[in-house]
Amino acid sequence: MDLPCGTRNFDYTSDTAVLRTKTHWLLLFLLLAFVFTAPLYWSNYWLSIANLIGITIIAITGLNILIGYCGQLSIGHAGFMAVGAYTTAVLTSKLGIPFVASLLCAGLMAGCIGIIFGLPSVRVKGFYLAITTIAAQFIIIWVINHWTSVTGGFVGIKVAPASIAGFTFNSEPRQFYLIMTITALVIFFAKNLARGRVGRAFIAIRDNDLAAEVMGINLTYYKLLAFFIGCFLAGIAGALFAHWSRFLNAEHFTLADSILYIGMVIIGGLGTTIGPIFGAILIRLLQQGIMYISPVLESAFPALPAGFTTGIGPMVFGLVIILFLILEPRGIAHRWTLFKAAYRLWPFSY
Amino acid sequence: MAELLQYTITGIAVGMVYALIALGFALIWKSSSIANLALGQLVLISSWFTYGMLVQAKFPYWLGFPLTVLFAIFLGWLIERLTLRPLIAQPILSLITVTLGIAYFLEGVVTFVWPMSVAALPRLFPQEPVRLGPAVVSQEYIWAALVSLLLFGLLSLFFKYHKMGIAMRATADDQLAVQACGVPVTSVFSTSWMFACVVAAIGGVLISCIGGITYGLVETGLKSFSVVILGGLDSFVGCIVAGPIIGLCENLGGGYLTPLIGPGIKDIIPFIIIIIVMVFKPYGLFGEKRIERI
């Protein structure tokens, strides 16, 4: 199928391997070497963008498991991230719990809240579920804004930088290593989840839930599991975001962010492991590009309206989402597969 | 007592406007089963457009309002023609997310053209408050309820007697049969979008007469989802019954729970209702029980 020409599998181990050829291993090694030496030649500005991209990849990998594999639309993902972020913020700064434990707690907390709001998914789907998750987003943000004694309310809350066994991740390069390690682990986890029993059950539910049930898949269990895993990863991403930005308020987790995350998953490619990576990188770089170019344009053309700088971003993202849905609904991941196939068959691509 | 009466009247009045906006949703859902999540942004952009016409361009009312309606019709046509027609027969996920994309885009347009975050429409209705028994209600609420009721009446007459209205009901019933009868289904779709945008625009103007034009209008649009959910997705009667219920819950709850729980509870009551309805009666009060039970 998607094996390079001339590669065959002679035993079960090689059939189930993620990396099939020596070139795969070499490319992976080069990529990891590149990523983990990046702080040597990247400035702090680019490292902070890379950190944000890493956090986003974790979050939308979770969203991809929920939407892309299990077919359950969630428009409250930023809300679930907020749950994770505030959990770790409160645990580390007010109760003094170590970072690793609070990271896991953040994930578990977000996962449990996700299960609660995912409960309607057992009975309804499609638009109904979308509305429920929008409601989740609003309820979570309202609780954060009004539970002032714990979350700091509208003012926000300060978060200490992450630290493991006395080593504090207090600069961009250090955080870069932390975030990239967790991102790599999450991608590996997602890849294996999708190939295993759970992932296949998710895909069966997405394609036809009645047929899946007839095949013996416990719908309630797997749908709630999808919500748990998706929101768990959102919680982890939120926790990393909290320790990375060191300051939280509800403005970081708006409905617009939730929509943007869905946009990233779609642009990257639903139901693929590599899709979220493409989507996150593309949209975040686009954001940076717009942030860089819009003041330049504004000073070059004074005739532009005053809302140009703030308004151009949402316009571009909305347009990108719409265009991808109409022109390439399978996302960049599909183009990437086509490219790989062409590369393998070259120069005899008939 | 006076408090209770006041909350009730304002609640019903605001609920009528929610019902009007929700009607726009139900229209599109019925004819083309597309869930329009850009409702809030449609409300927002048409309110700002009215502001642009009446205040910025200083048009008189008799010119400004028809222009707003024309703008809404054009917007509905544009959205249907450019984004939804290429996606006919795509999975429901794409249809929902494309309206999210539209929502994002419209929000960008609003910040682009009207960067100020708050504005007020000129006074459309008389100012002096009305005394209804012990309660004092400002006239805007009463006018909003009356206009919504009037539009509701007009729309139901349209659906009952006009050729296009009948075609729209038929499309909702059975798309294939309608196509076989020679009704142009695509034009039914765009008409339903135009209607939805127009009622969203009128609802937006009514709400912003009461509370001014703010970003909160998006939430108003989202709140009307709770109306559709409670009333049943494809039911016009459901909208007009559920709208005042939601408005009542919101105002009574906001009035009496705020001292107990805290400010802002008013804004999330509709969302809590959504969750409750979803768990216990997902097809709503009047909805067709066609929803696939799993």
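Where does B:Lys58 lie? B:Lys58 sits in the loop between helix 2 (39-56) and helix 3 of chain B. Helices here are DSSP runs of H or I with at least four residues, strands are runs of E with at least two, and both are numbered from the N terminus.

Some ground rules before I go on. This is a predicted model, where local features need pLDDT of at least 70 and side-chain atom pairs count only at pLDDT 80 or more, while totals for chains, interfaces and linings use all residues. Residues are numbered from 1 along each chain as its sequence is written, chains are lettered from A and ligands numbered from 1 in the order in which they are written, and side-chain values use heavy atoms, leaving out hydrogens and water.

Back to B:Lys58. Its phi is near 55 degrees, a positive value in a residue other than glycine. B:Lys58 is exposed, at 67% relative accessibility. Exposed means over 50% relative accessible area, buried means under 20%, and partly exposed is in between, with a 1.4 Å probe and protein chains only.

Chain A has a residue to set beside that. Phi of A:Arg246 is near 60 degrees, again positive and again not a glycine. A:Arg246 is in the loop between helix 11 and strand 4 (247-248) of chain A. With a relative accessible area of 31%, A:Arg246 is partly exposed.

Now, the two chains together. How many residues does the contact take from each chain? Chain A gives 49 and chain B gives 46. Contact means heavy atoms within 4.5 Å. The area buried between the chains is about 4300 Å², and carbon and sulfur atoms give 81% of that. Buried area is the accessible area, with a 1.4 Å probe, that two parts lose on being put together, summed over both. Three residues, A:Arg123, A:Phe127 and A:Tyr128, supply 19% of what chain A buries against chain B, more than any other three.

Next, salt bridges between chain A and chain B. The count is zero. A salt bridge needs a side-chain nitrogen of Lys or Arg within 4 Å of a carboxyl oxygen of Asp or Glu.

Which helix of chain A supplies the largest share of the side that touches chain B? Helix 14, with 13 residues. By class, that side of chain A has 37 nonpolar, eight polar and four charged residues. Nonpolar covers Ala, Val, Leu, Ile, Met, Phe, Trp, Tyr, Cys and Pro; charged covers Asp, Glu, Lys and Arg; the others, Gly among them, are polar.

On to the rings. Over all chains, there are 28 aromatic pairs. Rings of Phe, Tyr and Trp (its six-membered ring) pair if their centres lie within 6.5 Å; planes under 30 degrees apart are stacked, over 60 edge-to-face, and the rest tilted. A:Phe138 and B:Phe271 are stacked, 4.5 Å centre to centre, with 5 degrees between the planes. A:Phe138 is in helix 6 of chain A and B:Phe271 in helix 11 (residues 265-280) of chain B, so this pair joins two chains. Both residues are buried.

B:Tyr61 and B:Phe65 make another pair. Their centres are 5.8 Å apart and their planes at 40 degrees, so the pair is tilted. Both lie in helix 3 (residues 61-84) of chain B, four residues apart, about one turn of the helix.

Last stop: B:Thr191, in helix 8 (residues 185-211) of chain B. B:Thr191 is buried, at 16% relative accessible area. Leaving aside neighbours within four places in sequence, B:Thr191 is in contact with B:Met164 and B:Met168.
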